[in-house]
Amino acid sequence: MATSQIVSPMGQFKTLEQFIIEQEQAIPIAAGAFTRLIRDIGIAAKIINREINKAGLVDIIGDFGATNVQGEAQQKLDVMADAEIIRALKRGGECCLLGSEEQENLIPIEKCRGLRGDYIVLFDPLDGSSNISVNVSVGTIFSIYRLPEGVQPGLDAVLRPGVEQVAAGYVIYGSSTMFVYTTGNGVNGFTLDPSVGEFLLSHPDIKTPRQGTIYSINEGYYNAFEYGLRQYIKWIQEPDEATGRPYTSRYIGSFVSDFHRNLLKGGIFMYPATKKNPSGKLRLLYEVNPTAFIAEQAGGLAVDGDIRVLEKTPTALHERSPLFIGSAAMVERVQEFLHATY
């Protein structure tokens, strides 16, 4: 009698740590300290994933009872995720400075065992956390810089354009948990296998389609958008077989979820300036720069409506920015509408 043979997933896929080690020859920054840094972020992500999966069973969803530096009501999971990432990165010893969307000030790292790393990590610990109570996917977004020689760990070391990032990524907690990151040499995605507790390479060398058919924007604010953007939205809703219009509207309201879907399937995510929020609402350092780095490495584009966002020099730790990000052809087209003379 023939018996079925079960093959362990570990035999078919590379783990996140194995992949980074293999890349060390091709990627100068992927030395031992960087490998450990990514591992530490991965460990924090596994803990956050475990806690999110308890939502509804234990008292972990809902308001924490305080507001963050952004003036937003903190969720209990915001506080938990923030603490776990800070704990993991402090313990690892690869960082000299941390910045969290949930914290008003930068978090310096004291020397550990007489040593201190030279990496700076900026992160949004749990994007979209208010959606957890209705079982919507959420995520962690992170950006990594190196401390320049001769510069002390502080605000000057952080207020640098996104082109100086050495790595960026996000973890999305959904029907599966994925870790997606880039070091400037393409984008790779790893899916958490809960049976072995490892992130396994499932989406190598991600490329976003140059042209997609999905647009993501909160159309409830349509009347607050500038005229050119309103014209673009009308244009993408018009039937036109040659260009595949009308496009499909998909807006979750959890930025990392909308970005992830459009990255894989092709599309454009838009969070523009409005009359109420002339600088938009997304944070340049914690959300815009890391996803822009990923989008460009996957073949897409990211602009603020006028310029490439990765070229913007931040002037404040919690600075906000408009964002148009996704498939290159779609970003180019919306810019044409925004710059048109009517």
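# Strand β17 and its surroundings

Val 303 stands opposite Phe 324 in β17. This pairing belongs to a predicted model. Phe 324 has a second facing residue, Met 270. Strand β17 is a good place to start reading the fold.

**The five-stranded sheet**

An open sheet is built from five strands, ordered β12-β11-β13-β17-β15. Its pairing is mixed. Strands β12 (248–249) and β15 (301–303) form the edges. Each has a single partner strand, so one side of each lacks a neighbour in the sheet.

β17 runs antiparallel to β13, with four bridges between them. It also pairs with β15 in the antiparallel sense, over three bridges. At the other end of the order, β11 (residues 214–216) and β12 are parallel, joined by two bridges. There, Tyr 215 faces Ser 249 of β12.

Which residues cover the two faces of β17? On one side are Leu 323 and Ile 325; on the other are Phe 324 and Gly 326. All four are buried. The split fits a general pattern: side chains in a regular strand alternate between the two faces of the sheet.

**Helices across the sheet**

Helix α5 lies across β11, β13 (268–271) and β17 (323–326). Its angle to β13 is about 150°. Helix α7 (residues 284–297) lies across β15 and β17, and runs at about 30° to β17.

Why is α7 described as largely enclosed by the rest of the structure? Because 12 of its 14 residues are buried. The buried set includes hydrophobic names such as Leu 284, Leu 285, Val 288, Phe 293 and Ile 294. Glu 287 and Asn 289 are also among the buried residues. Just after the helix, Gly 299 adopts a positive phi of about 100°.

**Strand β5 and its partners**

Strand β5 (residues 119–127) is mostly covered: nine of its nine residues are buried. Strand β3 (residues 95–100) pairs with β5 in the parallel sense, over five bridges. Ser 100 is placed opposite Phe 123 of β5. Strand β6 (residues 138–146) runs antiparallel to β5, with seven bridges. Here Tyr 119 has Arg 146 of β6 as its bridge partner.

The strand pairs described so far are set out below.

| Strand pair | Sense | Bridges |
|---|---|---|
| β11 and β12 | parallel | two bridges |
| β13 and β17 | antiparallel | four bridges |
| β15 and β17 | antiparallel | three bridges |
| β3 and β5 | parallel | five bridges |
| β5 and β6 | antiparallel | seven bridges |

**Aromatic pairs**

The whole structure contains 14 aromatic pairs. One of them joins Tyr 170 and Phe 259 in an edge-to-face arrangement, at 5.8 Å centre to centre and 80° between the planes. Tyr 170 sits in strand β7 (residues 167–173) and Phe 259 in helix α6 (residues 255–265), so this pair ties together parts that are 89 residues apart in sequence. Tyr 170 counts as buried, at 1% relative accessibility. Phe 259 is buried too, with a relative accessible area of 4%.

Tyr 232 and Phe 337 make another edge-to-face pair, at 5.5 Å centre to centre and 65° between the planes. This pair links distant parts of the chain: Tyr 232 is in helix α5 (residues 227–237) and Phe 337 in helix α8 (residues 328–339), 105 residues apart. Both Tyr 232 and Phe 337 are buried.

Rings also gather in a cluster. Ring pairs link Phe 19, Phe 142, Phe 179, Tyr 181, Phe 190 and Phe 199.

**The protein as a whole**

The protein has eight helices and 17 strands. Of its 342 residues, 54% count as buried. Contacts reach along the chain: among those between residues at least 6 apart in sequence, 63% join residues at least 24 apart. The exposed area is about 15,500 Å², and carbon and sulfur atoms supply 49% of it.

**Confidence**

The average pLDDT is 89, and 87% of the residues score at least 70. Residues 1–8 fall below 50, and this stretch has one contact in the model beyond near neighbours in sequence. Residues 57–62 are also below 50, but have 15 contacts beyond near neighbours in sequence. Where pLDDT is low, the predicted coordinates should not be read in detail.

Technical notes:
Residues are numbered from 1 along each chain as its sequence is written. Side-chain values use heavy atoms; hydrogens and water are left out. Rings of Phe, Tyr and Trp (its six-membered ring) pair if their centres lie within 6.5 Å; planes under 30 degrees apart count as stacked, over 60 as edge-to-face and the rest as tilted. Buried means under 20% relative accessible area, exposed over 50%, partly exposed in between (1.4 Å probe, protein chains only). pLDDT is the predictor's confidence in each residue, from 0 to 100. Contact means heavy atoms within 4.5 Å. Two strands pair if DSSP finds at least two bridges between them. Axes are lines fitted to C-alpha atoms, for helices over the stretch in contact, and angles run from 0 to 180 degrees between N-to-C directions. Accessible areas come from the Shrake-Rupley method with a 1.4 Å probe; for residues, only the protein chains shown count as cover.
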